[in-house]
Amino acid sequence: MANYQKIKGTQDFIGVDAMKIRKFESIASLVAKSYGIKEIITPIIEDSNVFVKNVGEDSDIVKKEMYTFLDKGERSITLRPEGTAAIARCFIENKMYANPGVTKLFYYGPMFRYERPQTGRYRQFNQFGVEYYGTQAPLMDVEIISSAFAIFKKLGINDIKIKINSIGDSESRKNFSNALKEYFRPYINDFCEDCKRRIDINPLRILDCKVDNNKDDTKEIIKNAPTINNYLTKDSLDYFEYVLKGLDNLNIPYVVDYNLVRGLDYYTDTVFEFVYYNDQGQESLALGGGGRYANLIKDMCGVDVNGMGYAFGVERLINLMDNLGLNDDCIDYCDAVIIGLDYESKLEAFKLAKNFREEGIITEMEYASFSLKSQFKLADRVNARFIIIIGEEERINNVYTVKDKKLNTQENVNKNDILKYIQNK
Ligand code: AMP
């Protein structure tokens, strides 16, 4: 017999674990909607160029991590590795830039990256993301970030900080790139093959090189590299200050991290990541991240629309919530088990189960056995609060025996009152 196993880096979510995912999704969407952000659902597969051309041909995602294949019509298809470029494709294709004002969208769903699986890093994982399209205004940055904090708060997660930086406008980044080239040149032979190429094409990418065999001294070299703040134009500096002021105004806790550059090419000006700090002040893996992208839409279609967004890693957030006891409400339970002690009683029990279920009462039944013992076993297994027993005597008298496992009581309840009885409790 074949030994079937899930693909490396993917996960099954069973019962309570699926419940946690749905809980996250429903809280995050409710908060997003309170900001006037509308849901968008786009395909999981896209033309590979959507990502190759826009996430950056030299980014880790495009170079190493995409699930790309030719379909039967020889088209190059990619399982989306991230949301921003795919949502931008949809925004453009549907000419949403013609709508007045700022377009605010949120999405939820699986992303695929061929990364080395480890704790908190999967090949299929879920992201919840938000994208705003419109102008470039510091208060828009602040609103987007505050929507993320509102989601953390509703989930019950405190002690989140945002690590924030500005990578500036094109001019700032050109100056910074030149400084990086000059700085890295004497050391470049110590770096990985990708970085050796990157020094001329995109030296910013060296700063977030993830190659594991990078030696300690290269880490040190990266740590001491020039930082973007010394190369920002006045406009970019002023913009960043306004954003920080806006965050102060809403009491959003942040740490400015000049080393934060993020691994996707489309970002400009504000970039950020959300991290959790535990009691000892230790920092978690990034729970999410995002930034502004002034040129993505223009580069894709020629229309000058500024954008900004972020994405959360859902599995990482759920794992954190588990550790903080915030998912203790996700439990398997059942409201009622209805026991039938003979064939006629089972039919009556089945009818009652149907009525209960129509009223949203979670109800279970044993289909085959008439034994009280095995039906009680089912009630234990499904963690039922009420056990309703129907036998010949109950049928004749129109009175059912009802056990309440929570209050540890047993009562006889008239058949016609049974629904109300359960609902009231
Ligand atoms: P990015 O699109 O790379 O900015 O990622 C946004 C967030 O998605 C990260 O902060 C992580 O929380 C999450 N994430 C990214 N890659 C993975 C992965 N391979 N497995 C699990 N979560 C991920």
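**Close-up 1. Strands S3 and S4 form an antiparallel pair in this predicted model.** Strand S3 (residues 67-70) is joined to S4 by 4 bridges, and the two run antiparallel. Looking for a landmark on the S3 side? Find Phe69, whose bridge partner in S4 is Ile77. The hairpin made by S3 and S4 has 5 residues between the strands, and Glu74 takes a positive phi near 65° there.

**Close-up 2. Strand S4 also pairs with strand S2.** Here strand S2 (residues 45-47) meets strand S4 (residues 76-79) in the antiparallel sense, over 3 bridges. Which residue of S4 is the bridge partner of Asp47? It is Ile77, the residue that also serves as bridge partner of Phe69.

**Close-up 3. Eight strands line up in an open sheet.** Reading across, the order of the 8 strands is S1-S5-S6-S11-S10-S9-S7-S8, and the pairing is mixed. The edges belong to strand S1 (38-39) and strand S8 (254-256), each of which pairs on one side only. At the S1 edge, 2 bridges connect S1 with strand S5 (residues 103-112), and these strands run parallel. To pick out this contact, start from Lys38 and look for its bridge partner in S5, Leu105. As general background, strands of a sheet pair through backbone hydrogen bonds, either parallel or antiparallel.

**Close-up 4. Helix H5 lies across strands of the sheet.** Helix H5 (residues 138-155) lies across S5, strand S6 (124-134), strand S7 (160-166), strand S9 (268-276), strand S10 (288-293) and strand S11 (306-313). Relative to S11, the helix runs at about 15°.

**Close-up 5. Ala32 sits buried in helix H1.** Helix H1 spans residues 16-34 and holds Ala32. Is Ala32 buried or exposed? With a relative accessible area of 1%, Ala32 is buried. Leaving aside residues up to four places away in sequence, Ala32 touches Ile37, Phe106 and Phe128. For a sense of scale, the C-alpha atoms of Ala32 and Glu193 are separated by 42 Å, with their positions 161 residues apart along the chain.

**Close-up 6. Two separate nonpolar cores can be picked out.** The largest nonpolar core has 51 residues, of which Val55, Tyr133, Phe184, Phe191 and Leu207 touch the most other members. Helix H4 (residues 84-93) gives the most to this core, contributing 7 residues. The second core, separate from that one, has 43 residues, among them Val31, Ile144, Ala148 and Ile162. Such groupings fit a familiar pattern: in soluble globular proteins, nonpolar side chains tend to be buried together.

**Close-up 7. Cysteines appear here without disulfides.** How many disulfides does a search of the whole structure find? The count is 0. Cys192 is a good place to see why: its sulfur lies 3.6 Å from the closest cysteine sulfur, that of Cys195, which is too far for a bond, given the cut-off of 2.5 Å. Cys192 is also buried, at 12% relative accessible area. Cys301 is in no disulfide either, as the nearest cysteine sulfur, in Cys90, is 13 Å away. Cys301 is partly exposed, with a relative accessible area of 30%.

**Close-up 8. Two domains are assigned along the chain.** Domain 1 takes in 16-169 + 233-323, while domain 2 covers 334-424. Their C-alpha centres lie 49 Å apart.

Note on methods
Residues numbered from 1 in each chain as written. Predicted model: local features only at pLDDT ≥ 70, side-chain atom pairs only at ≥ 80, totals over all residues. Heavy atoms only, no water. Domains from an automatic or database assignment. Buried < 20%, exposed > 50% of the residue type's maximum accessible area, 1.4 Å probe, protein only. Core = buried A, V, L, I, M, F, W, Y, C linked by side-chain atoms within 4.5 Å. Pairing = 2+ DSSP bridges. Contact = heavy atoms within 4.5 Å. Axes fitted to C-alpha atoms, helices over the stretch in contact; angles between N-to-C directions.
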